[in-house]
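Biologist: I'd like a close look at one part of this model. Please walk me through how the strands are put together.

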Amino acid sequence: MHATDAPSDWVCRWAGLIAPGSTVLDVACGTGRHLRWLRSRGHCVVGLDRSAQALAACADLGEMICADIEAGPWPFAERQSGQPGGAFPGRRFDAVVVTNYLWRPLLPVIVASVAPGGLLIYETFAQGQETVGRPTRAEFLLRPGELLGACAALRVLGYEDGFVPQPARFVQRIAALRENPQSGRPARHPLR
């Protein structure tokens, strides 16, 4: 469990672009390391995990949804009559955070959950990880450029694919924005 772990450096780096008071979804949030940190920055948080025990550790932070998103429907899908399980678009968020989680069938749904003007911050394991530790199965490791392809509908602000020495791991990570065509002006995203 990650309750006492520090938030990901990648999440910290890009979270400054999340507008004050935004609603942030943390997919596969575990015991809430990112939820706690984002809440401390003044955001409304929504945690999603399949473990009721993990969610109990962060129940006081905001809205917690217990759902097995690999075996069941996306809990934020908008239900439409005559369609089993609902259809997207559904609820969208000002920011969506995903770390150390990959279920390929959900990549399009996660990307679609980012509201106009919203930010996706995603970091997970990539091919090569099997040489240094878990996970080792190919279905849990991103292929080269895969995260870029999944975010083709978004404006990529930052992307990395490589090796991090401490702790040793291979990762892909992206920070990407869903442009807001109604703003009428290009958004300014300060880079550091």
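Modeller: Here's the sheet, followed by what its strands take part in. Bear in mind that this is a predicted model, where local features need pLDDT of at least 70 and side-chain atom pairs count only at pLDDT 80 or more, while totals for chains, interfaces and linings use all residues. Numbering starts from 1 along each chain as its sequence is written, and side-chain values use heavy atoms, with hydrogens and water left out.

Seven strands (DSSP E runs of at least two residues, numbered from the N terminus) form an open sheet in the order 3-2-1-4-5-7-6, and the pairing is mixed. Strand 3 (63–66) and strand 6 (155–164) are the edges, each pairing on one side only; pairing takes at least two DSSP bridges. On average, neighbours are turned by 10° against each other, ignoring direction.

At one edge, strand 6 runs antiparallel to strand 7 (169–177), with nine bridges between them. Glycine 158, for instance, has alanine 175 in strand 7 as its bridge partner.

Helix 2 (33–40; helices are H or I runs of at least four residues) lies across strands 1 (23–27), 2 (44–49), 3 and 4 (93–99), at about 175° to strand 2. That angle compares N-to-C directions of lines fitted to C-alpha atoms, on a scale from 0 to 180 degrees, with the helix line taken over the stretch in contact (heavy atoms within 4.5 Å).

Strands 1, 2, 4, 5 (114–125) and 7 each give two or more residues to the largest nonpolar core, as does helix 4 (107–112). Such a core joins buried (under 20% relative accessible area, 1.4 Å probe, protein chains only) Ala, Val, Leu, Ile, Met, Phe, Trp, Tyr and Cys residues through side-chain atoms within 4.5 Å. This one has 28 residues, with Val27 and Trp74 making the most contacts inside it.

Notes:
Buried < 20%, exposed > 50% of the residue type's maximum accessible area, 1.4 Å probe, protein only.
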